Amino acid sequence: MVTVDSSTASVAQHTFSVDIPQTTIKDVKNDWQKHVASGNKGKASFVNEEYIQTGVVNKNISPDPFTMYSKLMETPVGVRLTARLELNYLASSSGVANSNQDLAVQKFLQDFAIDQYRTAVKKELNIEQKKLASLEKDLSKGIKEEEKSTKNMKENDRSNERSEDAISTNNRDINNSTDKISDQKGMVNVTASDPNATKGAKKTLAELKREKRSLQKQNESQSKKIDNRNKENREEDRNIQLAQQNNETLKVAIERQKAVVEVVQVKLNNIQ
């Protein structure tokens, strides 16, 4: 709670002070001048870092314009606002200064202090909420990265299955080619006495050998692709583990930050 302290210097001069937590003079200065100057009929000036506003009009404090002297001083926890008023204090029937005027001055300062404190806490809340949003964004990104790595691994596994099926099919064709080549070599030997027939047999043998080499190269290519995909999967698996660890850390940080936001929100709600 923001409270106002007061002391009496004389019948004509009362001094009031209020602490505004979580603020700096830079935050408060302009707003305080506007708060004092609102509706006044006098001039403002600064003397020895003291803000002087003449002709202040506030019917709740005094029926007549008055002068307010005020200073802002930074403290370890915020800003201390001290105000000294020169006005005609109305006397009560007991002859002492009218307490209603004191209350009005206190309310004038307290309303300003509460508004400034509320603004400061709203800024704090906004900062903490942004921190929470950033953590949640990082977690969402981490989850997507984990899902992407998992998807890549599954796609690689499916591609490897297709490559292995292709290799199996090629192996069968290679075995068939081996048998055909063996048979064709026999045909070359059989037709050795006939130049034309031998030429045709050798040509067919060469074609069978080319087909076999082509199948073997295809298998080598598929094997290399499988090796590359397996390498990618190992890397993706490491990425998943790192992402999971990071995501768990982020989840803990998010819960802590939610608690911080809740504390600041409660503080804001309790400002009065």
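**Note on the predicted model: helices, charges and backbone**

1. Helix H1 buries Val28, Trp32, Gln33 and Val36. The model is a predicted one, and the points below should be read on that footing.

2. The geometry of H1 is regular in length. The helix covers residues 25-37, 13 residues in all, and its first and last C-alpha atoms are 18 Å apart, close to the 18 Å expected at 1.5 Å a residue. After H1 comes Gly39, with a positive phi near 80°.

3. Val36 belongs to helix H1. Its relative accessibility is 2%, so Val36 counts as buried, the cut-off being under 20%. A long-range distance involving this residue can be checked directly: Val36 and Val263 are 227 residues apart along the chain, and their C-alpha atoms are separated by 33 Å.

4. Phe16 is a second buried position to look at. This residue is part of strand S2, residues 13-21, and its relative accessibility is 0%, which puts Phe16 in the buried class. Between the C-alpha atoms of Phe16 and Val105 the distance is 8.0 Å, with 89 residues separating the two along the chain.

5. Salt bridges. The count for the model is 8. Among them is the pair Lys267 and Glu124, whose closest N and O atoms are 2.8 Å apart. Because Lys267 lies in helix H3 and Glu124 in helix H2, this pair ties together parts that are 143 residues apart in sequence. Lys267 has a relative accessible area of 26% and is therefore partly exposed.

6. Another salt bridge joins Lys131 to Glu128, with 3.6 Å between the closest N and O atoms. Both residues sit in helix H2, and being 3 residues apart they are separated by about one helical turn. Their accessibilities fall in two classes: Lys131, at 42%, counts as partly exposed, whereas Glu128, at 11%, is buried.

7. Helix H3 holds a pair with the corresponding spacing. The side chains of Arg238 and Glu235 meet in a salt bridge at 2.6 Å, N to O. Arg238 and Glu235 are 3 residues apart in H3, so about one helical turn lies between them. Arg238 has a relative accessibility of 44% and counts as partly exposed; Glu235, at 37%, also counts as partly exposed.

8. Which residues form the positive surface patch? The patch consists of Lys185, Lys199, Lys203, Lys209, Arg210, Arg213 and Lys217. Helix H3, residues 195-269, gives the most to this patch, with 6 residues. Lys185 is placed in helix H2, residues 99-190. With a relative accessible area of 42%, Lys185 is partly exposed; that value is over the 30% required of a patch member, so Lys185 meets the accessibility condition.

9. Negative charge also gathers on the surface, in a patch made of Asp27, Asp31, Glu74 and Asp115. Asp115 is located in helix H2. At 39% relative accessibility, Asp115 counts as partly exposed. For anyone preparing an electrostatics calculation, the two groups to locate are the positive patch with Lys185 and the negative patch with Asp115.

10. Backbone angles in the loop between S3 and S4. Most residues other than glycine have a negative phi. Asn48 has a positive phi of about 50° although it is not a glycine. Asn48 is in the loop between strand S3 (44-47) and strand S4 (50-56). Its relative accessible area is 68%, so Asn48 is exposed.

11. Glu49 is found in the loop between S3 and S4 too. Its phi is near 65°, again a positive value in a residue other than glycine. What is the relative accessible area of Glu49? The value is 73%, which means that Glu49 is exposed. When backbone angles are reviewed, the loop positions to inspect are Asn48 and Glu49, along with Gly39 after H1.

Note on methods: Residues are numbered from 1 along each chain as its sequence is written. This is a predicted model: local features need pLDDT of at least 70, side-chain atom pairs count only at pLDDT 80 or more; totals for chains, interfaces and linings use all residues. Side-chain values use heavy atoms; hydrogens and water are left out. Patches are made of residues with over 30% relative accessible area and no salt bridge: like charges are joined within 9 Å, nonpolar side chains (Val, Leu, Ile, Met, Phe, Trp, Tyr) within 5 Å. Accessible areas come from the Shrake-Rupley method with a 1.4 Å probe; for residues, only the protein chains shown count as cover. A salt bridge is a side-chain nitrogen of Lys or Arg within 4 Å of a carboxyl oxygen of Asp or Glu. Lys and Arg count as positive and Asp and Glu as negative; His and the chain ends are not counted. The place of a charge is taken as NZ of Lys, CZ of Arg, CG of Asp or CD of Glu. Helices (H or I, at least four residues) and strands (E, at least two) are DSSP runs, numbered from the N terminus. Buried means under 20% relative accessible area, exposed over 50%, partly exposed in between (1.4 Å probe, protein chains only). The expected span of a helix is 1.5 Å times one less than its number of residues.
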